[in-house]
Amino acid sequence: MDETVSEFFRRTILKIPLTEMMTILKTWNFLSENQLQTVNFRQRKESLVQDLVLLCEENRASLNDAALLDIIYTQFHRHQKVWDVFQMSKGPGEDTDLFDMEQFKSSFKKILKRALKNVTVSFRDAEENAVWIRIAWGTQYRKPNQYKPAYVVYYSQTPYAFTSSSQLKSNLPLLGQTFETHNSTTPLQERSLGLDINMDSRIIHENKTEKERVQRVTQEIFGDYPQPRLEFAQYKLETKFKSDLNGGILAEREEPLRCLVKFSSPHLLEALKSLAPAGIADAPLSPLLTCIPNKGMNYFKIRDK
């Protein structure tokens, strides 16, 4: 077990409350009963974690084993997360009642890996024909970040998939396309909700107020009419470095920092208008972006006042 996996185990076990430690480890079922009996669960948590990591090393634990432990921890604390629900519908003449879970897992993983090289996907079956999916996203040039994963709860006999709000919201369209490709279904709508610890009563709160606020703010800024076609906006920055920390090379620099930022799209203003409703950016957007239609400009210089 390399250092990366060992650290992943250490950090995963550290966040498990001591009152839940034995229950979660037994649910994980990776360490034997005899091994667990050798561990002193009354010692300091740091020492306890180290002992458990050593047992994982003895059992030659893998990255997937650590991911499964993280899924189980998340299942115990699922009520602490905010979830989005995706509702899908069958296409004309489609029949998706026959479902092979193992085929779904294999297909789901292949589709994601085909689209994004650096991604790890782990599965854990749950009750009510559900499967929990843990996705650690990377990029084309960076390995997956195991500490900022997305979780998906998919019920095979229903048209619903629940996803935890990922910090990498840009990957949500890829996730939706993966379900669409596998199931040949079309996502109909997305809603923010809370997921109760009891999965039989899934929705405890639907965040209609926030959705309505985003729609209202977006309409106030951009209006409810089609935006003028614009393909790029360019910002030239000239400003002195500012920091709360004293000293440093940049803080002593007399010359202003200069950089050029360019946003481009076949229809830039419509793209900006869709960011907040899609959950990719907060509302309202920066005035530097929303002022484009009012000022009738797409070249801007930003200087110190």
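Me: Glu-102: buried or exposed?
Reply: Glu-102 is exposed in this predicted model. Its relative accessible area is 51%, and the exposed class begins over 50%.

Me: Which residue does Glu-102 pair with?
Reply: Glu-102 forms a salt bridge with Lys-105. The closest N and O atoms of the two are 3.5 Å apart.

Me: And where do the two sit in the fold?
Reply: Both belong to helix H6, which covers residues 101–115. Because they are three residues apart in that helix, about one helical turn separates them.

Me: Lys-105, then: buried or exposed?
Reply: Lys-105 is buried, as its relative accessible area is 12% and the buried class lies under 20%.

Me: Which residues are joined into one network by salt bridges?
Reply: Lys-15, Asp-70 and Arg-134 form one network, joined by salt bridges that share partners.

Me: What is the N to O distance between Asp-70 and Arg-134?
Reply: It is 2.7 Å, and the side chains of Asp-70 and Arg-134 meet there in a salt bridge.

Me: Which parts does that pair tie together?
Reply: Asp-70 lies in helix H5 (residues 63–76) and Arg-134 in strand S3 (residues 130–137), so the salt bridge links parts that are 64 residues apart in sequence.

Me: Are Asp-70 and Arg-134 buried or exposed?
Reply: Asp-70 and Arg-134 are both buried.

Me: How many salt bridges are there?
Reply: The count comes to nine salt bridges. Another one of them joins Glu-46 to Arg-44, with the closest N and O atoms 3.8 Å apart. Arg-44 counts as exposed, at 64% relative accessibility.

Me: Changing topic: how many cavities of 30 Å³ or more does the structure hold?
Reply: The structure holds three cavities of that volume or more.

Me: What is the volume of the second largest cavity?
Reply: The second largest cavity has a volume of about 40 Å³.

Me: Which helices each supply at least two residues of its lining?
Reply: Helix H8 (208–222) and helix H9 (268–275) each do so. H8 gives the most to the lining of the second largest cavity, namely four residues.

Me: Which residues line it?
Reply: The lining of the second largest cavity includes Val-217, Thr-218, Ile-221 and Phe-222. Leu-272, Lys-273 and Ala-276 also belong to this lining, as do Ala-283, Pro-284 and Leu-285.

Me: What does the lining look like by class?
Reply: The lining of the second largest cavity has eight nonpolar residues, one polar residue and one charged residue. The polar residue is Thr-218, and the charged residue is Lys-273.

Terms used:
Residues are numbered from 1 along each chain as its sequence is written. This is a predicted model: local features need pLDDT of at least 70, side-chain atom pairs count only at pLDDT 80 or more; totals for chains, interfaces and linings use all residues. Side-chain values use heavy atoms; hydrogens and water are left out. On a 1 Å grid over the protein atoms alone, a cavity is a set of points where a 1.4 Å probe fits but cannot get out, and a pocket is an open set with protein on both sides within 12 Å along at least five of seven lines; lining residues have an atom within 4 Å of a point. Grid points are joined across faces, edges and corners, and a volume is the space filled by probe spheres set on the points. A salt bridge is a side-chain nitrogen of Lys or Arg within 4 Å of a carboxyl oxygen of Asp or Glu. Buried means under 20% relative accessible area, exposed over 50%, partly exposed in between (1.4 Å probe, protein chains only).
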